[in-house]
Amino acid sequence: MDEIFSLKNKKIWIAGHKGMVGSALCRRLESEKCDIIVAQKSELDLTRQEKTEKWIAKNKPDIVIMAAAKAGGIIANNNAQADFLYDNLSMAQNVIHGSYKAGVNKLLYLGSSCIYPKNITQPIKEEYLLSGKLEPTNEGYAIAKIAGLKLCEKYKQQYGCNFISAMPCNLYGVNDRFDEEKSHVIPALIMKFHKAVVQNISEISIWGSGTPLREFLYVDDLADACVFLLKNYSDSSHVNIGSGYDISIAKLAEMIAHIVGYKGNIIFDKSKPDGMKRKLMDISKMSSMGWIAKTNLNDGLKKAYEYYLSIEKII
Ligand code: GFB
């Protein structure tokens with residue numbers, strides 16, 4: 001496939017470069033002949049409109065990748081819906097509108113598979129967006145992500161901006177957030193099982209029924225997909241990015257326990273929410289363009305555990 005957009009010698013701003021996704025993008029873009037620019041959090045608060053617009057106007061990126069987000073697992077989302085909605089909505093509108101004003105050539109906005117309705121046919125096609133009610137535990141986050149995606153679509157329709165958006169499934173990997181309460185399921189379970197091994201604990205409780213199904217993607221694969229889209233995609237409709245496979249939380253817990261060496265019991269705390277029963281995305285749009293994920297779940301989980309071991313002492 002011939003590339004339609006070149007990254008060569010372009011100035012690319014990765015908004016959110018310190019996060020799991022942003023840092024994977026920095027690693028991936030090292031092999032492209034482009035110039036990466038970043039803004040430190042202390043220097044720029046993306047929820048502030050004027051400051052964000054000024055920063056973009058002054059630094060004049062050719063390309064913007066919107067990887068900044070307030071993200072977290074099911075309980076963090078559910079307990080702070082106002083913060084998840086406000087922070088993500090304001091960051092999206094400030095970065096997207098600021099990029100429009102500064103004449104940015106191309107922008108890639110990143111959302112999440114939680115934008116889709118709770119009870120929806122699987123695998124989920126891009127066009128199922130807004131066809132039903134959202135999962136209540138992450139409604140605030142999902143509304144913000146839908147607004148960002150729609151902003152890209154509308155700026156393209158009204159002003160011809162080359163703004164595209166991609167919706168990844170559940171992500172994990174290097175630079176993930178490890179916190180038993182606030183993080184997503186993979187880092188939380190790595191932490192819980194590892195501590196159980198070290199402290200000789202024989203029973204670990206995990207949240208929910210264990211029956212929900214989730215699709216996971218290693219973050220470096222997402223970064224590769226983002227570069228692929230920047231080079232090859234310019235349509236206004238968003239694109240799903242996933243691995244194409246899902247797994248139950250119970251099975252995932254068994255895989256992580258095996259990798260970490262935990263041999264005790266796993267029990268399910270049904271007082272904690274399950275969230276969506278299933279959210280497997282239809283990835284045929286991406287695969288028909290020629291992109292597929294490279295890292296299988298077992299290998300990705302091993303890398304995530306290695307990363308955890310490398311930072312365990314400092315968290
Ligand atoms: O990773 P997670 O928080 O993401 O949870 P969601 C996935 C599933 O794992 C849920 C279960 O059914 C949880 O109940 N689970 C079991 C656990 N044990 C744990 C644990 O110790 N920690 C966590 N976090 N989960 C988030 C959304 O939903 O996914 C966000 O709230 C976002 O909006 C993100 O879209 C990708 O897939 O349930």
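**Helix crossings, a pocket and two backbone exceptions**

Me: Helix 1 passes helix 7 in a right-handed crossing. Their axes are 8 Å apart and the packing angle is about 60°. Why is helix 1 called oblique to helix 7?

Reply: First, a reminder that this is a predicted model. The angle between the two helices is about 60°. Roughly parallel needs an angle under 35 degrees, and roughly perpendicular runs from 65 to 115. The value of about 60° fits neither range, so helix 1 is oblique to helix 7.

Me: Which residues of helix 1 and helix 7 meet?

Reply: From helix 1 (residues 20-29) come Met20, Val21, Ala24, Leu25, Arg27, Arg28 and Leu29. Helix 7 (residues 219-232) answers with Val219, Asp220, Leu222, Ala223, Asp224, Cys226 and Val227. By class, this contact has 10 nonpolar and 4 charged residues, with no polar ones.

Me: Let's turn to helix 4. What makes helix 4 and helix 5 roughly parallel to each other?

Reply: Their axes cross at roughly 15° and come within 7 Å. Any angle under 35 degrees counts as roughly parallel, and roughly 15° meets that cut-off, so the label follows. The crossing of these two helices is right-handed.

Me: How do you know that helix 4 and helix 5 are in contact, and which residues are involved?

Reply: Contact means heavy atoms within 4.5 Å. In helix 4 (residues 81-101), the residues that meet helix 5 include Phe84, Leu85, Leu89, Ile96 and Tyr100. Among their partners in helix 5 (residues 139-159) are Tyr141, Ile143, Leu151, Cys152 and Tyr155. The whole contact divides into 14 nonpolar, 6 polar and 2 charged residues.

Me: Helix 2 (residues 49-59) has an axis that comes within 9 Å of that of helix 4 and crosses it at roughly 40°. What makes helix 2 oblique to helix 4?

Reply: Roughly 40° is not under 35 degrees, so the pair is not roughly parallel, and 40 also falls short of the 65 needed for roughly perpendicular. That leaves oblique. Helix 2 passes helix 4 in a right-handed crossing.

Me: Which residues make up the contact of helix 2 with helix 4?

Reply: Gln49, Thr52, Glu53 and Ile56 of helix 2 meet Asn94, Val95, His97, Gly98, Ser99 and Lys101 of helix 4. These residues divide into 2 nonpolar, 6 polar and 2 charged.

Me: What makes Lys60 and the bond between Gln122 and Pro123 worth a look?

Reply: Most residues other than glycine have a negative phi, and most peptide bonds are trans. Lys60 is not a glycine, but has a positive phi of about 45°. It lies in the loop between helix 2 and strand 3 (63-66). Gln122 and Pro123 are joined by a cis peptide bond with omega about -10°. Pro123 belongs to the loop between strand 4 (106-110) and helix 5.

Me: How do you know that a residue lines the second largest pocket, and which ones lie nearest its centre?

Reply: A lining residue has an atom within 4 Å of a pocket point. There are 15 of them here, and Ser243, Tyr245, Thr295, Asn296 and Leu297 lie nearest the centre. The pocket volume is about 240 Å³. Strand 8 (213-218) and strand 10 (246-248) each give at least two lining residues, and the largest share, 4 residues, comes from strand 8. By class, the lining has 10 nonpolar, 3 polar and 2 charged residues.

Conventions: Residues are numbered from 1 along each chain as its sequence is written. This is a predicted model: local features need pLDDT of at least 70, side-chain atom pairs count only at pLDDT 80 or more; totals for chains, interfaces and linings use all residues. Side-chain values use heavy atoms; hydrogens and water are left out. On a 1 Å grid over the protein atoms alone, a cavity is a set of points where a 1.4 Å probe fits but cannot get out, and a pocket is an open set with protein on both sides within 12 Å along at least five of seven lines; lining residues have an atom within 4 Å of a point. Grid points are joined across faces, edges and corners, and a volume is the space filled by probe spheres set on the points. Ala, Val, Leu, Ile, Met, Phe, Trp, Tyr, Cys and Pro count as nonpolar, Asp, Glu, Lys and Arg as charged, and the others, Gly among them, as polar. Axes are lines fitted to C-alpha atoms, for helices over the stretch in contact, and angles run from 0 to 180 degrees between N-to-C directions. Angles under 35 degrees count as roughly parallel, over 145 as roughly antiparallel, 65 to 115 as roughly perpendicular and the rest as oblique. A crossing is left-handed if the near helix is turned anticlockwise from the far one by less than a right angle, and right-handed if clockwise.
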